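User: I am a first-year student, and I would like to go through this structure step by step. Could we take one topic at a time, with the reasoning spelled out?

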Amino acid sequence: MTYVIAQPCVDLKDKGCIDECPVDCIYEGDRMLYIQPDECVDCGACEPVCPVEAIFYEDDVPQQWADFYEANVNFFDQIGSPGGAAITGPIAGDHPIVAALPLQVTE
């Protein structure tokens, strides 16, 4: 089990969750943040600090964003488990589900 970042994060990337994550498993793509499921320890520290409520426990992802579980898992298909977002830095690209979304304008 793991936590999942969903659509409200797209084009926002507040990054407050990154500061709270004790295992450094939240990685930055071009348009949103992703949780590496094999590195996540299910502590839940990231969830309450998200200003747009984009982080959910895997079993609690709202139905309209159910595809974001796949997006978080499959984002790491090519790179596997890098062992820490801070040393890896931003990862170019996004999962196709995210890349296909229209640009979300934030105020």
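Analyst: We can begin with a term: a cavity is a set of grid points where a 1.4 Å probe fits but cannot get out. Please keep in mind throughout that this is a predicted model.

User: What is the volume of the largest cavity, and how many cavities of 30 Å³ or more are there?

Analyst: With 30 Å³ as the lower limit, the count comes to 2 cavities. The largest cavity is lined by 14 residues, and those closest to its centre are Cys9, Asp14, Cys17, Leu33 and Cys50. The volume of this largest cavity is about 70 Å³.

User: Is cysteine 17 buried or exposed, and how many disulfides are counted?

Analyst: Cysteine 17 has a relative accessible area of 6%, and because buried means under 20%, this residue is buried. For a disulfide, the two cysteine sulfur atoms must lie within 2.5 Å. The cysteine sulfur nearest to that of cysteine 17 belongs to cysteine 46 and is 6.3 Å away, while for cysteine 40 the nearest one, that of cysteine 25, is 4.5 Å away. Neither cysteine 17 nor cysteine 40 is in a disulfide, and the count for the structure is 0.

User: Which elements give two or more residues to the largest nonpolar core?

Analyst: In soluble globular proteins, nonpolar side chains tend to be buried together. Here the largest nonpolar core has 30 residues, and Ile5, Ile26, Met32, Ile35, Cys46, Ile55 and Phe68 are those with the most contacts inside it. The elements that give two or more residues to this core are strand S1 (3-5), strand S2 (26-28), strand S3 (33-35), strand S4 (55-57) and helix H2 (67-74).

User: Which residues does isoleucine 26 touch, if we leave out those up to four places away in sequence?

Analyst: Isoleucine 26 is one of the residues with the most contacts inside the core. With those sequence neighbours left out, the residues that isoleucine 26 touches are Ile5, Cys17, Ile18, Cys21, Leu33, Tyr34, Ile35, Cys46 and Ala85.

User: How are the rings of tyrosine 3 and tyrosine 57 arranged?

Analyst: The count of aromatic pairs comes to 5, and one of them joins tyrosine 3 in strand S1 to tyrosine 57 in strand S4, so this pair ties together parts that are 54 residues apart in sequence. Tyrosine 3 is buried, with a relative accessible area of 10%, whereas tyrosine 57 is partly exposed at 23%. The ring centres are 5.2 Å apart and the planes stand at 70°, and because an angle over 60 degrees counts as such, the pair is edge-to-face.

User: Which aromatic cluster includes tyrosine 27 and phenylalanine 76?

Analyst: Tyrosine 27 and phenylalanine 76 form an edge-to-face pair, with 5.3 Å from centre to centre and 70° between the planes. Tyrosine 27 lies in strand S2 and phenylalanine 76 in the loop between H2 and helix H3 (85-88), so that the pair links parts of the chain 49 residues apart. Both residues are buried, and the cluster to which they belong is formed by Tyr27, Tyr34, Phe75 and Phe76.

User: Where is glutamate 53 found, and what is its phi?

Analyst: Most residues other than glycine have a negative phi. Glutamate 53 is in the loop between S3 and S4, and this residue is exposed, with a relative accessible area of 61%. Its phi is a positive value, near 50°.

Conventions: Residues numbered from 1 in each chain as written. Predicted model: local features only at pLDDT ≥ 70, side-chain atom pairs only at ≥ 80, totals over all residues. Heavy atoms only, no water. Core = buried A, V, L, I, M, F, W, Y, C linked by side-chain atoms within 4.5 Å. Buried < 20%, exposed > 50% of the residue type's maximum accessible area, 1.4 Å probe, protein only. Helix = DSSP H or I, 4+ residues; strand = E, 2+ residues; numbered from the N terminus. Contact = heavy atoms within 4.5 Å. Phe/Tyr/Trp six-rings, centres within 6.5 Å; stacked < 30°, edge-to-face > 60°. 1 Å grid on protein atoms, 1.4 Å probe; cavity = no way out; pocket = protein on both sides within 12 Å on 5 of 7 lines; lining within 4 Å. Points joined across faces, edges and corners; volume = space filled by probe spheres on them.
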